[in-house]
Amino acid sequence: MDIHEYLNNDYFLLTLTFGVYFLAKLVRKMLQLPVFNPILVSIAFMICFLTIADIDYETYKLSGSKIDFWLKPAVVSLGVPLYKQLHSIKHEMVPIFMSQLVGCLVGIVSVVALAQYFGASRIVVLSLAAKSVTTPIAMEVTQSIGGIPSLTATIVVFVGIFGAITGFRILKYGHIGMPSSQGISLGTASHAVGTSAAMEHGMEHGAYASLGLTLNGIFTAILTPYILQMMGII
Amino acid sequence: MFRQLAIIIGCLAVGEFITWLTGISVPSSIIGMLLLTFLLKVKVIKLEWVETISNFLVKNMGFFFVPPGVALMLYFDIIGKEIVSIVLATTLSTMLVLVVTGWTHIMTRKIIKRIKGKKL
C-alpha cells in the first residue's frame, strides 16, 4: 500500500487545513504577535506540505473548494454588522462617506500608479488594485477584473499586517488623533486585521474601523472596474 | 439554523441572479450583503433569524480563504520577479490611505460644524 494514495483523500486534506488553522490561532493567542497571522501561517504550511507530499494544487483545490465555498456567504453575512451600525452612519453621514470615498479612490489609484511606476506587469497591477479591502471582497474584485485572486489574497494579508503594526505610528505622524478618525482610517486602509488592532485601543476605535472595513469594501467592489477603465488599464 | 442558512444562501442566490441578468462587475456577494442589510432594515427579516450563522461566518472569514491562498504556489515565479514593485506599491499606498482617510474625516467634520454654526 502506498500512503501517497491516502494523502490525496478529501477528508484528510480538509482535516489538515482545519487543524493547522486551529493550531495557528491557538499559538497567536499565546504569543500575542500580530505578525503570526493564522491565515498566512496556514497558507505557508499547506504549500510546504503539498510540495513535500508531492500533491499538485489541482488535487488540493478539489478538497479546498468545500471550504472556500463559504467565502461568499461570509461576505453576505457582513450585512448584519452593517445593519447594526446603520445608526452611527446616519449620525455622521457626510464625514464618513466623504472619507470613505476619498480613501477608496486614493487606495486604488495610488497602488495602481505606483505599481506601474515601479515596473509591475499588467496582471500584477490588476491583482493589486483591491488590496485595501477584506480578502473575500478583494478576491472577487480581482476575479471580475481579470487578475490573480490568490495573489490578491496574499497581498491583502500583507497589507493588513502592515497596517496593524505601523498604523498608529503613521496616524500620529499625520497628526490624526481623534479616536473616530483613527479607527475609520485603520479599517479603510487595512481591513479586518487593522480593525482588530483598532479594537484593542477601544470600542470607538473598533466601531469606526469596522465601518471603514465594510464601507470601503462596498465602494471598492463597486468602483474598481470603473476607476481602472478611466485609468485606461482595462 | 436551517432558516438562518436558507436566508444567507437565498440572498446570495438573488445577488448571483442580478449579476447574471445585468452583467455588472459588482460581486454577487456584495449585492447579497446589501440585500440582507435592506431586508433587516425594513424588518422583513428579524435579526435573530440570521444572527448566529452570520456571526459564525464573519468571525471565521479568514479560514475560508486559506485554500484560495494556497493557489499562490502556482505564482511563485511572478512574485519572485516583481517582489520589489509589489512591496513598495502596497506599503506606500497603505500609508497614503491611512493619512488621507483620517484627514478627510477630520476636515469634513470641521467644515460641517462651521456650516451648522453659521446657521445658528
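Tutor: Helices (H or I, at least four residues) and strands (E, at least two) are DSSP runs, numbered from the N terminus. This is a predicted model, in which local features need pLDDT of at least 70 and side-chain atom pairs count only at pLDDT 80 or more, while totals for chains, interfaces and linings use all residues. Residues are numbered from 1 along each chain as its sequence is written, and chains are lettered from A and ligands numbered from 1 in the order in which they are written.

Student: In what order do the elements of chain A run from the N terminus on?

Tutor: Chain A has 13 helices and zero strands, which leaves a single symbol for its elements. Read from the N terminus on, the order is α-α-α-α-α-α-α-α-α-α-α-α-α.

Student: What radius of gyration does chain A have, set against the globule rule?

Tutor: The radius of gyration is taken over C-alpha atoms, and the globule rule is 2.2 Å times the number of residues to the power 0.38. For the 234 residues of chain A the rule gives 17 Å, and the value for the chain is close to this, so chain A is as compact as a globular protein of that length. Along the principal axes, its C-alpha atoms fill a box of roughly 65 × 45 × 35 Å. The radius of gyration of chain A is 19 Å.

Student: What radius of gyration does chain B have, where a compact globule of 120 residues would have one near 14 Å?

Tutor: Chain B comes to six helices and zero strands, and its C-alpha trace spans about 60 × 50 × 30 Å along its principal axes. Against the value near 14 Å for a compact globule of 120 residues, chain B has a radius of gyration of 21 Å.

Student: What percentage of the residues in chain A is buried?

Tutor: A residue is buried if 20 or more other C-beta atoms, placed from the backbone, lie within 10 Å of its own, exposed if 12 or fewer do, and partly exposed in between. By this count, buried residues make up 42% of the 120 residues in chain B. Among the 234 residues of chain A, the buried share is 52%.

Student: Which helix gives the largest share of the side of chain A that touches chain B?

Tutor: With contact taken as C-beta atoms, placed from the backbone, within 7 Å, 85 residues of chain A meet 65 residues of chain B. The side belonging to chain A divides into 56 nonpolar, 25 polar and four charged residues, where Ala, Val, Leu, Ile, Met, Phe, Trp, Tyr, Cys and Pro count as nonpolar, Asp, Glu, Lys and Arg as charged, and the others, Gly among them, as polar. The largest share of that side, 13 residues, comes from residues 149–173 of chain A, helix H11.

Student: Which residue of chain B does Gly167(A) touch?

Tutor: Gly167(A) has its place in helix H11 of chain A and counts as buried because it has 24 C-beta neighbours inside 10 Å. Not counting residues up to four places away in sequence, it touches Leu186(A), Ser190(A), Gly194(A) and Ala197(A), and from chain B it touches Leu98(B).

Student: Which residue of chain B does Pro81(A) touch?

Tutor: Pro81(A) lies in helix H6 (residues 79–84) of chain A and is partly exposed, because 17 other C-beta atoms lie within 10 Å. Its C-alpha is 9.8 Å from that of Ala207(A), although the two are 126 residues apart in sequence. Leaving out residues up to four places away in sequence, Pro81(A) touches Ser210(A), Thr214(A) and, in chain B, Val58(B).

Student: Is His191(A) buried or exposed?

Tutor: His191(A) is found in helix H12 of chain A and has a positive phi of about 40° although it is not a glycine. His175(A), in the loop between H11 and helix H12 (179–199), also has a positive phi, near 55°, and is exposed, with 10 other C-beta atoms within 10 Å. Because His191(A) has 31 C-beta neighbours inside 10 Å, it counts as buried.

Student: At roughly what angle do the axes of H2(A) and H3(A) cross?

Tutor: The contact of H2(A) with H3(A) includes Leu16(A) and Val20(A) on one side, and Val41(A) and Phe45(A) on the other. Its residues divide into nine nonpolar, two polar and two charged. The axes of H2 (residues 10–31) and H3 (residues 38–52), lines fitted to C-alpha atoms over the stretch in contact, with angles from 0 to 180 degrees between N-to-C directions, come within 9 Å and cross at roughly 140°.

Notes: Contact = placed C-beta atoms within 7 Å.
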